[in-house]
Amino acid sequence: MLNILKILPLLFLLFTNTGCVEKHLFTKSTDYYLALNKSEVNKEIHFLEDSLKKNKNAEQKVPTAETYLYLSLLYSHSNNPEPDFDKAINALDQYEKLSQPQKNIRLEIQHIKKLLNATNCPERVQEVTDKNRETYLQKANMSLVKDKEALQHQCTTLRQEIDILTKENQTMKNLINQLKQLDIEIEQKKRAIR
């Protein structure tokens with residue numbers, strides 16, 4: 001009886017740590033998949049695809065929803081030498097169908113799908129970039145037109161001030177000439193009196 005009590009914990013550890021599927025498949029964290037390097041990404045994709053095929057054939061109760069989520073991460077992985085964004089979107093669709101996530105997670109999935117669609121279509125990204133550039137240029141053009149109009153208004157105001165100052169300058173010159181003439185006349189009268 002004492003020998004059986006010693007062996008039971010060993011048997012428990014042995015049964016809980018062995019299995020047909022690698023342990024990382026059932027983890028809640030996606031850190032494992034995000035940390036894969038280029039050589040491991042394709043291996044992991046094939047492993048998960050094979051486990052899905054086996055799952056369909058054997059109709060086992062394996063968390064396939066998570067498998068689809070991980071496949072989506074791997075199909076669109078930055079270290080994937082040949083990313084397939086369409087497969088990533090389809091895998092996200094399957095994940096969403098099987099897991100029936102909460103509303104906030106559904107919103108996140110929709111956002112990720114939009115990003116994948118944009119990444120999948122470089123023409124669309126270029127179109128959005130061009131549209132942003134066009135919008136920026138239109139705003140800059142409108143700003144320059146406003147600046148031009150303001151400068152034209154200032155120029156008109158300055159021309160009017162120049163005209164006024166020119167007239168005042170001419171008036172002052174005339175007064176100076178009259179004063180000079182008056183001074184000459186006064187000097188002549190002084191001489192005549194002496």
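Which residues are buried in α5? In this predicted model, the answer is F85, A88, I89, A91, L92, Y95 and E96. These residues span an arc of only 160° around the axis, which puts them on the same side of α5. A general rule helps in picturing this: an α-helix has 3.6 residues a turn, so residues three or four places apart point the same way. Helix α5 itself runs over residues 85–99 and has 15 residues. From its first C-alpha to its last, α5 reaches 21 Å, close to the 21 Å expected at 1.5 Å a residue. After α5 comes Q100, and the phi of Q100 is positive, near 45°.

With this helix in view, the whole chain can be considered. The protein chain holds seven helices and zero strands, and its pattern along the sequence reads α-α-α-α-α-α-α. Of the 194 residues in the chain, 18% are buried. The chain exposes about 15,900 Å², with carbon and sulfur atoms supplying 57% of that area. Among contacts with a separation of 6 or more, 54% are between residues 24 or more positions apart.

Helix α4 is a good place to look at burial again. This helix covers residues 64–75, has 12 residues and is mostly covered, as 10 of its 12 residues are buried. The buried residues of α4 include the tyrosines Y68, Y70 and Y75, along with L71 and L74; T64, A65, E66, T67 and S72 are buried too. The span of α4 from first C-alpha to last is 16 Å, close to the 16 Å expected at 1.5 Å a residue.

One residue of α4, L74, can be viewed together with L48. Residue L48 belongs to helix α3, which takes in residues 38–58. The two residues are 26 residues apart along the chain, and their C-alpha atoms are separated by 9.8 Å. L74 is among the buried residues of α4. L48 counts as buried because its relative accessible area is 0%, and the cut-off for buried is under 20%.

The surface offers another view. Here L179, L182 and I186 make a nonpolar patch of about 280 Å². I186 lies in helix α7, which covers residues 122–193. Is I186 buried, exposed or partly exposed? With a relative accessible area of 41%, I186 is partly exposed, because that class lies between under 20% for buried and over 50% for exposed.

Methods
Residues are numbered from 1 along each chain as its sequence is written. This is a predicted model: local features need pLDDT of at least 70, side-chain atom pairs count only at pLDDT 80 or more; totals for chains, interfaces and linings use all residues. Side-chain values use heavy atoms; hydrogens and water are left out. Helices (H or I, at least four residues) and strands (E, at least two) are DSSP runs, numbered from the N terminus. The expected span of a helix is 1.5 Å times one less than its number of residues. Buried means under 20% relative accessible area, exposed over 50%, partly exposed in between (1.4 Å probe, protein chains only). Patches are made of residues with over 30% relative accessible area and no salt bridge: like charges are joined within 9 Å, nonpolar side chains (Val, Leu, Ile, Met, Phe, Trp, Tyr) within 5 Å. Accessible areas come from the Shrake-Rupley method with a 1.4 Å probe; for residues, only the protein chains shown count as cover. A salt bridge is a side-chain nitrogen of Lys or Arg within 4 Å of a carboxyl oxygen of Asp or Glu. Contact means heavy atoms within 4.5 Å. The arc is that of the directions from the helix axis to the C-beta atoms.
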